[in-house]
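The exercises below ask you to read a protein structure step by step, with a worked solution after each task. Keep the sequence and the 3D view open side by side while you work.

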Amino acid sequence: MTSVAIIDYGMGNLRSVAKAIEHVAPGHDVFVTSDPARVAAAERVVFPGQGSFGPATQAIVDGAMGDALRMVIERGDPFLGICLGMQLLFDHSDENGGHDGLGVFRGQVRRFPSDM
């Protein structure tokens, strides 16, 4: 049975994401976790981010969860970053005074100009 970890970092409607994945991937072991070891051991990982770059997300980037995410991605396992979960893959974000990301992709997440 293929395991699918959905990262819980204290924000977002994770139950809806889990139910959607269960619907499109019946028979998979879909679970919500904040445990970096379970994320590192999963065969597929989903990071459904809600919120913005800042101290909370920086704790993910600099901590054990960031190490687990880099490991999953370096192995080539399927990873789906939704919204903030995708933004965290870049080198840096300008949000909230600027914060480093996971550095998987080169580049900077920038805000749309307010005069658009």
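**Exercise 1.** In this predicted model, find the salt bridge that Asp77 forms, and decide how far each partner is open to the surroundings.

*Solution.* Begin with the partner: Asp77 forms a salt bridge with Arg75, and the closest N and O atoms are 2.6 Å apart. As a cut-off, a side-chain nitrogen of Lys or Arg has to lie within 4 Å of a carboxyl oxygen of Asp or Glu, and this pair meets that condition. Next, take the accessibility of each residue: Asp77 has a relative accessibility of 22% and therefore counts as partly exposed, while Arg75, at 41%, counts as partly exposed too.

**Exercise 2.** Which parts of the chain are tied together by the salt bridge between Asp94 and Arg110?

*Solution.* First establish the contact, in which the side chains of Asp94 and Arg110 meet at 3.8 Å, N to O. Then place both residues: Asp94 belongs to the loop between β5 and β6, whereas Arg110 belongs to the segment after β7, so the pair ties together parts that are 16 residues apart in sequence. Finally, compare the two with the cut-offs: Asp94 has a relative accessible area of 35% and is partly exposed, but Arg110, with 59%, is exposed, because exposed means over 50%.

**Exercise 3.** How many residues apart are Lys19 and Glu22 in helix α1, and what does that separation amount to in helical turns?

*Solution.* Lys19 forms a salt bridge with Glu22, with 3.4 Å between the closest N and O atoms. Both residues sit in helix α1, which covers residues 14-24, and because they are 3 residues apart there, about one helical turn separates them. Lys19 is partly exposed at 42% relative accessibility, and Glu22 is partly exposed at 32%. A search of the whole structure finds 4 salt bridges, including the one between Lys19 and Glu22.

**Exercise 4.** Describe the open sheet that contains β5, giving the order of its strands and naming its edges.

*Solution.* The sheet has 3 strands, arranged in the order β6-β5-β7, and their pairing is mixed. The edge strands are β6 (99-100) and β7 (105-109), each of which pairs on one side only. Looking at one of these pairings, strand β5 (residues 90-93) is joined to β6 by 2 bridges, and the two strands run antiparallel. Within this part of the sheet, His92 stands opposite Asp100 in β6.

**Exercise 5.** The structure holds 2 aromatic pairs; work out the geometry and the setting of each.

*Solution.* In one pair, the ring centres of Tyr9 and Phe47 are 5.2 Å apart and the planes stand at 55 degrees, so the pair is tilted. Tyr9 lies in the loop between β1 (3-7) and α1, while Phe47 lies in strand β3 (residues 44-49), so the contact ties together parts that are 38 residues apart in sequence. Tyr9 counts as buried at 17% relative accessibility, and Phe47 is buried with a relative accessible area of 0%.

The other pair, Phe90 and Phe105, is also tilted, with 5.4 Å from centre to centre and 50 degrees between the planes. Since Phe90 is in strand β5 and Phe105 in strand β7, the pair ties together parts that are 15 residues apart in sequence. Phe90, with a relative accessible area of 23%, is partly exposed, and Phe105, with 35%, is partly exposed.

Key
Residues are numbered from 1 along each chain as its sequence is written. This is a predicted model: local features need pLDDT of at least 70, side-chain atom pairs count only at pLDDT 80 or more; totals for chains, interfaces and linings use all residues. Side-chain values use heavy atoms; hydrogens and water are left out. Two strands pair if DSSP finds at least two bridges between them. Helices (H or I, at least four residues) and strands (E, at least two) are DSSP runs, numbered from the N terminus. Buried means under 20% relative accessible area, exposed over 50%, partly exposed in between (1.4 Å probe, protein chains only). Rings of Phe, Tyr and Trp (its six-membered ring) pair if their centres lie within 6.5 Å; planes under 30 degrees apart count as stacked, over 60 as edge-to-face and the rest as tilted.
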